[in-house]
Amino acid sequence: MKYGYIRPTVEDQQSKKQLLTSEVDKIYRETHGLAKKRIELENLLMIAQPGDELFIQNIEVLADSLQQLLDILRLAERDQMTIHFIDEQLTNKTILSSTLLKNVEYFTELQSTFFSHSSTFSLQAAKQQGKLIGRPRISDDNLQRAFTMYDSKHYSLYEIKEETGISKSTLYRYLDERATSKLDDQE
């Protein structure tokens, strides 16, 4: 049997660009791009029989990490299933004749793709849940107090931190922002 597996990716968040040219008997479609709760993939892997083929647009659709890819490839080998990666023009049974450098470059790029995919969908999920993303903002009053103390040159960075709760690195980041905005205002 020929199966297809589709799920949202960073480049194809609606899953509309996947398996357009592949003829498969049944497509399993994940509704989200997150690493966890990949129910459709689990269902597909549970019913696969020896000799079945799985068509996937690219490796990013199948796995979120090199470890997960390795686990799925081991499972496919054990179950005697062939996985076709369309974009890469590979199967899990393909042997690549390439230099170690080219292979390491490829897997380094793949790892970056996994990280980008995971970060993008995790941030989207957090925003949907109403979670605040990024560093928490410091109150303007507290920040102004830290600026005043710093500008007076009567306080050490430790004293400013103790009084305002603003660390040295955070204070310097805000001082840089303040200096940049003053330069922008002068132009």
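Strands here are DSSP runs of E, at least two residues long, and they are numbered from the N terminus. With that in hand, remember that this is a predicted model, and let's start with a residue inside one of those strands.

Y28 is found in strand β2. Is this tyrosine buried or exposed? Its relative accessibility is 6%, so Y28 counts as buried, the cut-off being under 20%. Look at what surrounds Y28 and you'll find, leaving aside residues up to four places away in sequence, contacts with Y3, G4, Y5 and I6, and also with E40, N43, L44 and I47. For a sense of scale, pick out R173: it sits 145 residues from Y28 along the chain, and the two C-alpha atoms are separated by 47 Å.

Now zoom out to the sheet that β2 belongs to. Five strands make up an open sheet in the order β2-β1-β3-β4-β5, and the pairing is mixed. Which strands are at the edges? They are β2, residues 26-29, and β5, residues 90-91, and each of them pairs on one side only. At the β5 end, β4 (residues 82-85) pairs with β5 in the antiparallel sense, over two bridges. If you'd like to find that spot by residue, go to H84, whose bridge partner in β5 is T91.

Next, the charged residues. The structure holds six salt bridges. One of them joins the side chains of R7 and D64, at 2.7 Å from N to O. That pair links distant parts of the chain: R7 is in the loop between β1 (2-6) and β2, while D64 is in the loop between α2 and α3 (66-78), 57 residues apart. R7 is buried, since its relative accessible area is 0%. D64 counts as buried too, because its relative accessibility is 10%.

D64 has another partner as well. Its side chain meets that of R38 in a salt bridge of 2.8 Å, again N to O. R38 lies in the loop between β2 and α1 (39-47) and D64 in the loop between α2 and α3, so this pair ties together parts that are 26 residues apart in sequence. Both D64 and R38 are buried.

There's a charged residue beside R7 that is worth a look. E60 sits in helix α2, residues 59-62. What does E60 lack, although it is buried? It has no salt bridge, and the nearest side chain of opposite charge, R7, is 6.5 Å away. The salt-bridge cut-off is 4 Å, so a pair at 6.5 Å does not count. E60 does touch R7, along with T9, V10, T113, F114 and H117, not counting residues up to four places away in sequence.

Another salt bridge takes us to a different pair of helices. The side chains of E163 and R145 meet at 3.3 Å, N to O. E163 lies in helix α6 (residues 157-164) and R145 in helix α5, so the pair ties together parts that are 18 residues apart in sequence. Are these two buried or partly exposed? E163 counts as partly exposed because its relative accessibility is 45%, and R145 is partly exposed as well, with a relative accessible area of 36%. Back among the loops, salt bridges with shared partners join R7, R38 and D64 into one network.

Stay with α5 for a moment. This helix covers residues 140-152, and at 1.5 Å a residue its 13 residues should span 18 Å; the end C-alpha atoms are 18 Å apart, so the two values agree. Its buried residues are N142, L143, A146, F147 and M149. Why do they count as being on the same side of α5? Because they cover an arc of only 165° around the axis. On the other side of α5, D140, D141 and T148 are exposed. After α5 comes K153, with a positive phi near 60°.

That brings up backbone angles. Most residues other than glycine have a negative phi. L19 is not a glycine, yet its phi is positive, about 55°. L19 is placed in the loop between β1 and β2, and it is buried, given a relative accessible area of 7%. Q80 is another non-glycine residue with a positive phi of about 55°, and you'll find Q80 in the loop between α3 and β4.

How values were computed: Residues are numbered from 1 along each chain as its sequence is written. This is a predicted model: local features need pLDDT of at least 70, side-chain atom pairs count only at pLDDT 80 or more; totals for chains, interfaces and linings use all residues. Side-chain values use heavy atoms; hydrogens and water are left out. Helices (H or I, at least four residues) and strands (E, at least two) are DSSP runs, numbered from the N terminus. The expected span of a helix is 1.5 Å times one less than its number of residues. Buried means under 20% relative accessible area, exposed over 50%, partly exposed in between (1.4 Å probe, protein chains only). The arc is that of the directions from the helix axis to the C-beta atoms. Two strands pair if DSSP finds at least two bridges between them. Contact means heavy atoms within 4.5 Å. Lys and Arg count as positive and Asp and Glu as negative; His and the chain ends are not counted.
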